[in-house]
Amino acid sequence: MSNDEGRLNAPAFAKLQPDRQMTKSPSSLVIRAWSFFGNILGMKLIEVPAPGFDLAMTLDSGQVFHWEESGGGFVGAIADIAVYVEQRRNVLKVRGREMPAKSSRRQPLSTMVAHYFGLDHPLAEICASFPNDPIMIAARNFCRGLRIIRQPKWECLATFICSSMKQVAHIRQISKALREEFGIARKAFPERGRTIDNYVVHTFPSAARLAKSSERELRKCALGYRAKNLLATARLVSSGTADLEAWSSLSDANLRANLCNLPGVGAKVANCVMLFAYERLRAFPIDVWIERVLRQQYFPRNKRIATGQLRTFSENYFGEHGGYAQQYLFHHARMNKNAKSRARTAAAGK
DNA sequence: ATACAGGCTCGCC
DNA sequence: GGCGAGCCTGTA
């Protein structure tokens with residue numbers, strides 16, 4: 001492994017070797033060099049067609065918390081593969097390592113990327129299934145290209161156990177701390193012009209790894225009272241008592257019930273995991289943002305409506321892709337609020 | 001500075 | 001079986 005990592009320095013060296021055929025653009029020269037040596041090393045530079053996709057918005061919509069902006073793109077991990085991805089119009093440019101040939105999960109990088117980002121979701125059909133009310137229309141127009149991604153189950157579950165009573169910025173910190181403390185370091189291809197050493201991506205630690213840790217260790221990652229829940233759930237998952245993969249075949253109701261039996265998982269977290277890791281596009285997580293939207297926009301005259309009634313309403317009203325509708329409403333509300341608070345700050349500054 | 005955050009759990013009615 | 005308080009900690 002160390003041998004392999006050492007050889008990753010080769011592409012940097014490649015920049016010193018001019019390619020006679022490439023004279024116009026220095027950056028394309030570098031890309032070709034990256035590509036050439038990358039292929040030798042098992043690192044690929046590929047392009048994935050991605051029409052109807054907005055990478056930046058998707059990664060900033062509060063469904064995934066570990067991608068970091070870098071140059072024109074983002075560095076992160078898809079399962080255990082370190083990846084750099086940037087969007088150029090309708091194409092994703094991706095650098096990442098192919099799975100080892102002996103791996104049983106081996107599949108082309110392009111397939112992995114397309115699957116992870118939900119590029120096969122029929123977005124036009126999904127949006128057409130939303131209710132046609134003004135609030136939903138505004139959210140839909142605002143969130144063009146926002147997709148629900150397919151996250152690894154354990155990673156998603158563990159991250160959302162950590163999310164309770166936390167703002168996005170803090171969830172990111174927790175995710176990063178867990179990865180750096182317990183995950184496996186992987187070198188990632190940087191964007192052009194940076195040295196490779198700047199880019200280490202950490203995989204999300206397995207349930208088995210976290211099960212071996214202690215509540216004290218976990219608390220060092222600023223988990224607070226969530227540490228106990230995360231540890232208990234990690235033990236259930238790693239022991240096989242909770243078989244996350246096998247749960248894929250369960251009905252929505254049974255899957256939700258099983259998830260809610262896990263320590264630290266209530267209806268909100270269960271719905272997030274169903275939506276972001278189990279492809280249950282109907283799951284409708286209700287957090288404080290969505291609850292605010294539902295109350296203010298859909299029930300402005302009924303301030304005393306019970307939370308349970310909101311749940312029943314949202315499950316029926318938003319239809320078969322309610323989870324997508326929820327994500328659009330959520331992101332729209334969050335971005336509006338941020339814009340408003342920025343405007344206030346700017347106005348106050350004058 | 002000091003509420004308050006993308007909740008869950010438990011104890012109390 | 002619904003309701004409220006407590007839990008940890010960083011951010012706005």
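This report describes a pair of packed helices, two buried residues and two loop residues in a predicted model.

In this predicted model, local features need pLDDT of at least 70 and side-chain atom pairs count only at pLDDT 80 or more, while totals for chains, interfaces and linings use all residues. Residues are numbered from 1 along each chain as its sequence is written, chains are lettered from A and ligands numbered from 1 in the order in which they are written, and side-chain values use heavy atoms, with hydrogens and water left out.

**Helix 8 and helix 14**

Two packed helices are described by the angle between their axes and the distance between the axes. Helices here are DSSP runs (H or I, at least four residues), numbered from the N terminus. The axes of helix 8 (residues 153-161) and helix 14 cross at roughly 150 degrees and come within 9 Å. Such axes are lines fitted to C-alpha atoms, for helices over the stretch in contact, with angles from 0 to 180 degrees between N-to-C directions. Helix 8 and helix 14 are therefore roughly antiparallel, a term for angles over 145 degrees. On the side of helix 8, Lys153, Cys156, Leu157, Phe160 and Ile161 take part in the contact, and they meet Lys268, Val269, Cys272, Val273, Phe276 and Ala277 of helix 14. Contact means heavy atoms within 4.5 Å. The residues of this contact divide into nine nonpolar, no polar and two charged. Nonpolar covers Ala, Val, Leu, Ile, Met, Phe, Trp, Tyr, Cys and Pro, charged covers Asp, Glu, Lys and Arg, and polar covers the others, Gly among them.

**Two buried residues**

Phe276, in helix 14, is buried, with a relative accessible area of 2%. Buried means under 20% relative accessible area, exposed over 50%, and partly exposed in between (1.4 Å probe, protein chains only). Leaving aside neighbours within four places in sequence, the contacts of Phe276 include Gln63, Ile148, Arg150 and Gln327. Phe276 and His321 are 45 residues apart in sequence, and their C-alpha atoms are 13 Å apart in space.

His332 belongs to helix 17 (residues 322-349). With a relative accessible area of 16%, His332 is also buried. Not counting residues up to four places away in sequence, His332 touches Ala138, Ala139, Phe142 and Cys143.

**Two loop residues with positive phi**

Most residues other than glycine have a negative phi. The table lists two non-glycine residues with a positive phi.

| Residue | Phi | Loop | Relative accessibility |
|---|---|---|---|
| Ala222 | about 65 degrees | between helix 11 (215-219) and helix 12 (226-238) | 40%, partly exposed |
| Glu279 | about 55 degrees | between helix 14 (267-277) and helix 15 (288-298) | 45%, partly exposed |

Terms used. Angles under 35 degrees count as roughly parallel, over 145 as roughly antiparallel, 65 to 115 as roughly perpendicular and the rest as oblique.
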